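Here is a short tour to read alongside the model. Keep the viewer open and follow the topics in order.

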Amino acid sequence: MKLELRGITKRFGALVANDHIDLVVEPGEIHALLGENGAGKSTLMNVLYGLYDPDEGQILVDDEPRVFVGPGDAMAAGIGMVHQHFMLVPVFTVAENVALGHEPVKGGGLLDLAEARRRVKEISDRFGFDVNPDALVEDLPVGAQQRVEIIKALSRRAEVLILDEPTAVLTPQETDELIAIMRQLKESGTSIVFITHKLREVRAVADRITVIRRGKVVGDADPSAAETELASLMVGRSVSLGVAKEPAQPGDATVKITDLSVIDAAGVRQLDAVSFDVARGEILAIAGVQGNGQTELTEVMLGLQAPVAGSFTLDGRELVGRSVTDVLRAGVGFVPEDRTIDGIVAEFSVAENLVLDLHDQPPFARGVSMNPAKVLANAEQRTVEFDVRTPSVHAPAGTLSGGNQQKVVLAREMSRPLRLLIASQPTRGLDVGSIEFVHSRIVQERDNGTPVIIVSTELDEVLALADRILVMYRGRIVGIVPGDTDRDVLGLMMAGVPLEDAQAQAATHHTLLGEADLEAEQETASPPPAPVASTPTPQPDEEAGE
Amino acid sequence: MTATTVAPPAPAPEKAKPLAPISWKAPIGYGVVGLISLVLFGLLPADGQDSTFVLSTSKDFFTIDPITVPAKVTAIVLSVIALVLAGISWQATRNRRKVGAWLPVVFGIVVVLAFLTWADAGKSSPLPLTGLLQGSLFLAIPLVFGSLAGLLCERSGIINVAIEGQLLAGAFLAAVVASITSSAYVGLVAAPIAGMIVSALLVLFSIRYVVNQIIVGVVLNVLVVGVTSYLFSTVLKADASTFNSPPKLPTIDIPLLSQIPIVGPVLFRQTILVYIMYVVVVLLQIFVFRSRWGLRLRAVGEHPKAADTVGIKVNRTRVRATLLGGAVAGLGGAFFTVAAGLAFGKEMTGGKGFIALAAMILGRWNPVGALAAALLFGFSDNLQVVLGIIGTPIPSQIMLMTPYVVTIFAVAGLVGRVRPPAAEGIPYVK
């Protein structure tokens, strides 16, 4: 099936999310749609999938103009979509989720679950997915949930499959499996639109690449193009792909976590005897697939949750059992994982958001009232220092872009003298410019001698920032490894494989993307990093490593 | 980086893992109630009095003679059984084991029996056990219909706190139509229409105008009270014989089944409304969980966007479910007038719609569960009536509180961790 988008334009108020976009997807090709966060990729695909009405433009299927009023029409035309946030009902079984919307029925409108199971089984067997049709979706790991989404699309006979940022939640090994699935689908004649901002993946699988920037198509590229070339096309200027940082100068270990355990209300052990130290002047990155205890760890440290056992000391002071206020006063800076919910108060102005934690302290407080002049002066100074692009410091923080919201959060947390900085997913959903800024500020904080803990599910980010990497799986520490550990080893550890086994496996069986890394490194004539030596080899700087 | 020496991540040696703190709420509750029962019903009362239970009616296949027991001894034995159950619960909690649903059920029955033994001690009138159960089912009717209505709406993601108003509207229209046509059955047909009208307003405001669903529901309750009270004071009072003298639905005996002792008269000597109720509970239990309609209904209430992406019309599904829910609640409203054989009175539903909401939660958004919860509340309601008749040592004002106290304790104590439909109360706007 040939799919063509012609002159698609979609506006949201004054914002033009898609500006006359043309795109042709040929039958049986993997077409990558490359662009940074906020470039308009997802909007375009939602237009194609009938979730948004385009303001202008046409969708052509096999050269026939079509109008999709809802997703039902798009599906009927043979278009399937795997959304970035899975569209699965967590309390339904796999078979029920796949059947939803086109359910096989027996007499009287009763579900024919045997038929629904058979459909899942058939597709699952054809592609070797190994998915149990009777499993509840909420009990499945994200990789398996994604396969359920693919089965869902294929069971509706999708001929064009849209994958929206499909690798964001996967380990490198899972990504590898996904790439294999994509190739298999391509073999069987399905076209794939692969939406991503990850250059490495695009080069590994795409047949053709269309680059989008600020809602416009800025060009087509060949998969053989160099990463730096693609990056500059995507961002619109040349970018350095790594973080410039000096080797860490670790001082005393002032942060000590001992045997922290958390059991949630359902009796699940979310944190299981977690112990580690962080030294002044080093960045410890906590890597792991989402939902393996990272959130609980940061919330316990901040005092938002109570552990059933264990201790957390900062500069020798026990902080478990203290209030959040006490923890903040002890010098902990915290960048929460979801800035829109926990990081800012969207209706408050930028100036107010910048003093959320200090509003009751001099100079911002004056007796029972606040001192607006001081709050404003602070805001003017911080917005300049942290490059917050806002029409005014009185603008509601919720109206800023994601990158600028995150800068507000960082500016607030770094405006106190810190004894520890904890940042969860500091660059999730940000554009490249903001990512560079946030990373450089974090490194700067480290160089000031602050211990820093970064929680990230993005291996790229972990590898770019970390001096040491702690890998978590199901609430336990799988291992603590040097910052230059091979990404395949980390990927296996994120799936719960212990360090030694992970090194052995990674050495014999590299992922596609890992191999691409190796080749790139060999070109720059450095020794291959695998297997990870216990004494880390000096690495070429990140730019060459990428 | 090279400056740091990395210690090999030695696996932590196996040691005793910290466990979640044990919740002693349940065994303490059982123990306290069991002790109160032992002291109050068993040890304190004077010796030598008897209690009599009547177990059958004259119409049954074979009649069972009324059972007379010595009150004090029986109450002590029953209370001791309750304390043994509390002990089992304590033991299980200490060993972190789960006990089945049988324990609270048996415990409840035992304590209630101890209470009844005490309440009837030394009374000349025997306690009609069959009548007590029959009346419980009767009083549970509006609660069952109300909780099923709430369930239908909430499973689709719309919170319906207007059940009270829907019951009242159903009661009103059933009374008026039955009076005018002189037919209880026509009144029964009219009742759902009134409930649907209230539901139509609910969806109009909560879906079309995206107003907070709880606020709309509360306002609708007040609106229905106002409208029916106004019409009652003006039209219905002016000519009560034409507009407000509904005939009563006849009781229909199901042959054979109705003659089984104890159970027969309770379940099968009822009005058509009760038989409709059985059918609705069974149909909903099957269709909500096993049909295409039910799968879509639940998908819309759990993850509307996922439903939308597979081509299900979210708001249309919600409107239909809410209208159907309104019809079910309206039908339940007919209980107050045509089924009970009473004229319509101002605010005659008396908060039953809210207790129905509690029954829905206690029943975990599940038709059979809602039925069981409604029966529990109906029983506590009727107990108060029956004890009022035979006369007990407890002041009647306190007895009147029973159904509400039972509701609060049941919802707070027995519910435990339940998971409502994930998207309930959240409007779906593209």
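Welcome to a predicted model, and a good place to begin is its largest nonpolar core, which has 263 residues. Within that core, A:Ile162, A:Ile454, B:Ala174 and B:Ala359 touch the most other members. The element that gives the most to this core is helix α13 of chain B (residues 314-339), with 14 residues.

**Around B:Ala174**
- Beyond its neighbours within four places in sequence, B:Ala174 is in contact with B:Gly187, B:Leu188, B:Ala190 and B:Ala191.
- The other contacts of B:Ala174 on that basis are B:Pro246, B:Gly333, B:Ala334, B:Thr337 and B:Val338.

**The six-stranded sheet of chain A**
- Chain A has an open sheet of six strands with mixed pairing, and the strand order is β6-β7-β8-β3-β9-β10.
- At the edges stand β6 (79-82) and β10 (216-221) of chain A; each has a single partner strand, so one side of each lacks a neighbour in the sheet.
- From one strand to the next, the twist averages 20 degrees.
- Strands β3 (residues 30-34) and β8 (residues 191-196) of chain A are a parallel pair with five bridges.
- To find this pairing in the viewer, look for A:His31, whose bridge partner in β8(A) is A:Val193.

**Helices lying across that sheet**
- Helix α5 of chain A (residues 142-155) lies across β6 and β7 (160-164) of chain A, and runs at about 170 degrees to β6(A).
- Helix α8 of chain A (residues 227-235) lies across β3, β9 (208-213) and β10 of chain A, and its direction is at about 165 degrees to β10(A).

**The hairpin of β21 and β22 in chain A**
- Strand β21 (residues 468-473) of chain A pairs with β22(A) in the antiparallel sense, over six bridges.
- One bridge to look for joins A:Leu470 to its partner A:Ile480 in β22(A).
- Two residues lie between the strands of this hairpin, where A:Arg474 takes a positive phi near 50 degrees.
- Strand β22 of chain A (residues 476-482) has five of its seven residues buried, so the strand is largely enclosed by the rest of the structure.

**Domains of chain B**
- Chain B is divided into domain 1, covering 25-124, and domain 2, covering 130-414.
- The C-alpha centres of domain 1 and domain 2 of chain B are 31 Å apart.

**Confidence in chain A**
- Chain A has a mean pLDDT of 88, with 94% of its residues at 70 or more.
- Over residues 525-546 of chain A, pLDDT stays under 50.
- For that stretch of chain A, the model has 42 contacts beyond four places in sequence.

Terms used. Residues are numbered from 1 along each chain as its sequence is written. Chains are lettered from A and ligands numbered from 1 in the order in which they are written. This is a predicted model: local features need pLDDT of at least 70, side-chain atom pairs count only at pLDDT 80 or more; totals for chains, interfaces and linings use all residues. pLDDT is the predictor's confidence in each residue, from 0 to 100. Two residues are in contact if their C-beta atoms, placed from the backbone, lie within 7 Å. Domain bounds come from an automatic or database domain assignment. A nonpolar core is a set of buried Ala, Val, Leu, Ile, Met, Phe, Trp, Tyr and Cys residues joined through C-beta atoms within 7 Å. A residue is buried if 20 or more other C-beta atoms lie within 10 Å of its own, exposed if 12 or fewer, and partly exposed in between; C-beta atoms are placed from the backbone. Helices (H or I, at least four residues) and strands (E, at least two) are DSSP runs, numbered from the N terminus. Two strands pair if DSSP finds at least two bridges between them. Axes are lines fitted to C-alpha atoms, for helices over the stretch in contact, and angles run from 0 to 180 degrees between N-to-C directions.
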